[in-house]
Amino acid sequence: MISLQQALRQSMKNLTVASSQRWTSTTQRSAIGMIRPFASATPGTPLSQQPKSRKELSETFLDGTSLVYVEDMYSAWKKDPSSVHKSWASFFQSADFDAPAGEAYMSPPTLQTSAPTAAQPTAATSTTAGGSANLKQVSESMRLLLLIRAYQVRGHAMANLDPLNLMVRPEPPELNISKYGFTEADLDKPIFVGDGLISGFLTNNAPQTTLRQVLTRLKQTYCGNVGVEYMHIQDREMCDWIRENFETPQAPEYKHDEKVKILERLAWADQFESFLGLKYKTHKRFGLDGCESLIPGMKAMIDDSAEMGVRDVVIGMPHRGRLNVLANVVRKPLKAIFNEFNGGVVSLEGEYSGTGDVKYHLGTSYDRVASNGNKIHLSLVANPSHLEAVNPVVEGKVRAKQQYAGDTEQNTALAIILHGDASIAGQGVVYETLHLSKLANYSTGGTIHIVVNNQIGFTTNPSSSRSSMYCTDVAKTIDVPIFHVNGDDVEAVVRVCKLAAEWRQRFKRDVIVDIVCYRRFGHNETDQPKFTQPLMYTKIGQQTPVMEKYSKQLIDEKVLTSDQYQQMRSVIRDAYEKGFQEGMKYTPKPSDWFENRWVGVKNTTQLAEVQSTNISQPEVKALGEVLCNVPAGFELHPTLKRILKEKNEMFEKGAGFDWATAEALAFGSLLLEGNHVRLSGQDVERGTFSHRHSVLHDQNNGSTYCPLKNVSSVLKKDAAEYVVSNSSLSEFAVLGFELGYSLENPKSLILWEAQFGDFSNGAQVILDQFISSGEQKWMRQSGLVMLLPHGYDGAGPEHSSCRLERYLQLCDGDPNKIPPREEAERKQAQHSNMQVINCTTPANYFHALRRQVLRDFRKPLIMASPKWLLRLTQSFSSIDEFTKVNSFTRVYGESNPQDLVAPEKVQRLIFCSGQVYYLLKAAREAAKVKDAAIIRVEQLHPFPFDLVADQLQHYPNAKVIWCQEEPMNMGPWSFVYHYFNSTFKSVNRPFNLQYAGRPSSASPAVASHSLHKLQEEIFLSEALGTKKNI
């Protein structure tokens, strides 16, 4: 009798690749070159003795690809027969009962069945002399299985993807039959495979096949015009689903009417580009020429998504092909598109322009009826030239749609993001955004990514723009399938787009469609690409357009006649001409730019109102009940027990309200008023400085309790949902996500908090291109709040400054334009691009947050949030400041005028902002200075001209000083200087503003704590006039 080990060893003895390349370090390498790490490798233990995961032990014959691997499964089976796949268990059992090797095999379940099938022996297997024949059959069958596996893993490397045939794609060694002991002479020899041992798509379920037949089907499936990468996915069900859809007995075919629909959609895309090229020869349009198949692919994807329950699609994309997508996918009216080419501008009384950007950056949203009759809302998010920056914005907007729709299954809203081949490989925000895909509070249930792969960047070849084989390799980090497809095979493009839609709805995971195409012109239509790619563009010049190829194919197939095709083209041309003529007279409307949730939100030409931001004392007390109590049996950390006890005393006494409590009061009151609140960022649940404790953890069992999530249940009142979530260690993607979230519904407070204020510079693109300028460019308002911990406390260069100067530099206020006093606060805020504040009291922070929602317009808010003030009792607020003060205080006057000389005798009028106020106040008290008044500017932008003017007039004889803790070239100094100049003029006072602060510096702060204190002492004494020779 031949033992199991002997049979396996003999059957695989010719497979040198399985032995010579089996192991590398602690990584298992299969006979076909696929690397798979061991789940639990123990150093110093032979790999054949390493423990296996249950998933690895349940591999079928088709997946078992090494001798050591099979031996491991045999050992596991001996201990527990249920620990291995049924097909292997059948084999091991039969072998142990002395069955001949050929009869021992039981086929693994096919893709259509779940039960193993016994292999039927041939006449030869029943003879005693047939032992060697049986062994030969086993060997051939196993070698064939390894070859099949190799094509599943690496077949894409031989796929016909490049329409230009410029790709050099050598055959991977593991796809060569010689690696598995086969020769050309073996191609037509029968190989015993049993009934269903190898998937029916290869053998038509016959018990025997030939190597040639199997190779032909493998190449058709994995090496045609579609190359699929999926074997890196760790989930068996997902891999099997892809096999089911690709390993089909026959290649999929479209019906005649389906082909005509594809042709018609392709024609609309093709003629759109040619029409624009004819009418606007000198305009940049970043056309889709060379990838027109994108349009029928996207439309089929959206049609199928609508049929599967999707009602909202949010699209993000770069400029290439954007106008074509707007016209033929989103179906923005042609007259509006042509009007933009003709220089049309959305303008309300000359003050509110929505086209402060080029036409190929603009977004829009429309309701459309899909071809199957289902209504669907399509939004294309406006995007700057920072190609991938829009990705997280799209994800946030989709997540918000799901939130407001109560779509916990994430079925009804879908993100589609288009990429360029250079940008998806080169820009880090791609990975940052992909990394959010399965995080509980950031997932959108899967995004469909489409790469318009021009095989070139601006002028850069792929060999210079990425280190990986494919531009899409970054997606393998999150276990999603990648469909590479030849862009000149429009039917294949449509097929994989439809598969992508089905995958997303079934598995709620991302999916990549990589359309390998070309760019017919240069980076734009006026560029000369032959400067840098002469060979490529010579080939492109000779390339037959996909429209011409596909129309000829359908005419040859007699799907339609040449006359019918020409009639189709004529109808489309007439439609574009009509749109062009209407565009000459079209007047854009602001309603084209606003979505229905934003109806009622005022623009700058409409009189806005700001409601009172205070709340009642009973409401404060009620929220105290929510914030100070936890469920019975919930074991708090001892420190938190003390904190909650102190918080309870705070509510009982009506005094000593700290910053975290003020914030919670703002959140809780807004929730009770029906406004959704979402706080996101690194470590926000506890707070960087251990101050917030929004989520409490049971010390015994690890369960959590969030008081603000239970406002409704505790108070027995309706309340909106509160979400607080620690984010991944990303600024760019997470801030972009929260911005996108804030764009969906104005009846919400959306906040992003930086771990430290200076970390926000990792998201500078979102701030520059979206937050500070988005409304002016795209007429999209946002009430997003950025909390940036800021303050000099000796922490060193990296954690002191949030770089206030950068935010102030982005503000659009005009220091020479002072609004009328009676409308200063409202009109300034409405006409500004964003607000920048630096609060000194918890209550003012409370009012700032509520003000964001309790007015009928939206502006981003940048807040330099406190650090050591969080525990400074002198800064804490009383209950009256929440209940009796009814608005945000832009400027605080002198807090202790009774302790100073008369206003006309005050010698120094010190303006400041933020926590430096408390340093000034303490230094003034220590030095017993009585003739220096300290004024706090809480809102730096819009600049409070009126209130600063009041202070200048109140202290007419004082020397005016601006004091800050930042260096002279940082902080507010350079910004406020010009505003003070205008304010002095407005009150007929000679301009004389002096600076007191740290000296100019390249670094935001010093590292030495003693030097930090010395600098502080110097600038405080300069401000107060107590400076001595130090």
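Here is a short conversation about one helix and some salt bridges in this structure.

Author: This is a predicted model, in which local features need pLDDT of at least 70, side-chain atom pairs count only at pLDDT 80 or more, and totals for chains, interfaces and linings use all residues. Residues are numbered from 1 along each chain as its sequence is written, and side-chain values use heavy atoms, with hydrogens and water left out.

Reader: Why is the contact between D188 and R212 called a salt bridge?

Author: A salt bridge needs a side-chain nitrogen of Lys or Arg within 4 Å of a carboxyl oxygen of Asp or Glu. The closest N and O atoms of D188 and R212 are 2.8 Å apart, so the pair fits that definition. D188 lies in the loop between α7 (131-154) and β6 (190-192) and R212 in helix α9 (residues 211-222), so the pair ties together parts 24 residues apart in sequence.

Reader: What makes K259 buried or exposed?

Author: Buried means under 20% relative accessible area, exposed over 50%, and partly exposed in between (1.4 Å probe, protein chains only). K259 has 5%, so K259 is buried.

Reader: And which label fits R212?

Author: R212 has a relative accessible area of 41%, so R212 is partly exposed.

Reader: How do you know that K259 and E491 form a salt bridge?

Author: Their N to O distance is 3.9 Å, so this pair also passes the cut-off. E253, K259, E491 and E557 are linked in a network of salt bridges.

Reader: How many salt bridges are there in the whole structure?

Author: The search finds 34.

Methods
Helix = DSSP H or I, 4+ residues; strand = E, 2+ residues; numbered from the N terminus.
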